[in-house]
Amino acid sequence: MDTLFEQQLDDYHADVKAWKSKLALVRDELIFIDHLLHSYVFEPRTPNLFERLEQFKTDLKEIKESLNETEEVLAKHDAELSGLLDCETVACDAAFEHRHKEAKEHYRHFALEYGKIKQNIFSYCGKILKSNKK
């Protein structure tokens, strides 16, 4: 196996490791967001509060499902890395590069969708949290 290919595999593995690490942080953030949406810290007189919170809870459920799917895609992709060590043809290299780009795109799409949902929730919630005025 040539050194360039080995370096490419190391780079792919580093990418997947970084993505998995970021998804672990997302999973922790989702726990916080879930607790926030189910808490009683919101001003009850806020117009459409119930409807907005229910929509956010639905969005949260969907993003959790997407997170699970993304984690599965990355786990499968990561497992394929070890199989490439045994492959010594240019065709294997090209096929895996294509699969790596697909995994990257899957992760990127998830990250963008999650970022939008998180921004919407935090923006809305930040405006209507009960104040602790004394």
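Which ring does the charged end of R52 sit over? That ring belongs to Y124, and the charged end of R52 is 4.2 Å from its centre. The model shown here is predicted. The protein chain has 3 helices and 0 strands. Aromatic pairs and salt bridges are picked out below, along with one buried histidine, H100.

**Overall layout**

- Along the sequence, the protein chain reads α-α-α.
- Helix α1 covers residues 3–37.
- Helix α2 covers residues 49–84.
- Helix α3 covers residues 90–128.
- Contacts with a separation of 6 or more are mostly long-range in sequence: 85% of them join residues 24 or more positions apart.

**Confidence**

- The average pLDDT of the protein chain is 87.
- A score of at least 70 is reached by 87% of the residues.
- Confidence is highest in helix α2, at a mean of 92.
- Confidence is lowest in α3, where the mean is 90.

**Surface and burial**

- The protein chain has 134 residues, and 28% of them count as buried.
- Its accessible surface is about 9100 Å².
- Carbon and sulfur atoms hold 55% of that surface.

**H100 and its contacts**

- H100 sits in helix α3.
- Its relative accessibility is 5%, so H100 counts as buried, the cut-off being under 20%.
- Setting aside neighbours within four places in sequence, H100 touches Y12, D15, V16, W19 and H77.
- One of these partners, Y12, returns in the aromatic pairs below.

**Aromatic pairs**

- The whole structure contains 5 aromatic pairs.
- Y12 and F96 form one of them: the ring centres are 5.3 Å apart and the planes meet at 50 degrees, so this pair is tilted.
- The Y12 and F96 pair links distant parts of the chain, with Y12 in helix α1 and F96 in helix α3, 84 residues apart.
- Y12 is buried, because its relative accessibility is 7%.
- F96 is buried too, because its relative accessibility is 0%.
- F110 and Y114 form another pair: their ring centres lie 6.1 Å apart and their planes are at 5 degrees, so this pair is stacked.
- Both F110 and Y114 belong to helix α3, 4 residues apart, or about one turn of the helix.
- F110 has a relative accessible area of 2%, so F110 is buried.
- Y114 stands at 6% relative accessibility, so Y114 counts as buried.

**Salt bridge between helices**

- The structure holds 8 salt bridges.
- Side chains of opposite charge can pair when their charged atoms come close.
- E29 and K118 form one salt bridge, with their closest N and O atoms 3.3 Å apart.
- E29 lies in helix α1 and K118 in helix α3, so this bridge ties together parts that are 89 residues apart in sequence.
- E29 is partly exposed, because its relative accessibility is 21%.
- K118 is also partly exposed, because its relative accessible area is 23%.

**Salt bridges within a helix**

- E54 and K57 meet in a salt bridge, at 3.3 Å from N to O.
- Helix α2 holds both E54 and K57, which are 3 residues apart, about one turn of the helix.
- E54 has 30% relative accessibility, so E54 counts as partly exposed.
- K57 has 23% relative accessibility, so K57 counts as partly exposed.
- E105 and R108 form another salt bridge, and their closest N and O atoms are 2.8 Å apart.
- Helix α3 holds both E105 and R108, again 3 residues apart, about one turn of the helix.
- E105 is partly exposed, because its relative accessibility is 40%.
- R108 is partly exposed, because its relative accessible area is 41%.

**Points to take away**

- Helices α1 and α3 are linked by an aromatic pair, Y12 with F96.
- Helices α1 and α3 are also tied by a salt bridge, E29 with K118.
- Helix α3 also holds the stacked pair of F110 and Y114.

Key
Residues are numbered from 1 along each chain as its sequence is written. This is a predicted model: local features need pLDDT of at least 70, side-chain atom pairs count only at pLDDT 80 or more; totals for chains, interfaces and linings use all residues. Side-chain values use heavy atoms; hydrogens and water are left out. Helices (H or I, at least four residues) and strands (E, at least two) are DSSP runs, numbered from the N terminus. Buried means under 20% relative accessible area, exposed over 50%, partly exposed in between (1.4 Å probe, protein chains only). Contact means heavy atoms within 4.5 Å. Accessible areas come from the Shrake-Rupley method with a 1.4 Å probe; for residues, only the protein chains shown count as cover. pLDDT is the predictor's confidence in each residue, from 0 to 100. Rings of Phe, Tyr and Trp (its six-membered ring) pair if their centres lie within 6.5 Å; planes under 30 degrees apart count as stacked, over 60 as edge-to-face and the rest as tilted. A charge sits over a ring if NZ of Lys or CZ of Arg is within 6 Å of the ring centre and within 35 degrees of the ring normal. A salt bridge is a side-chain nitrogen of Lys or Arg within 4 Å of a carboxyl oxygen of Asp or Glu.
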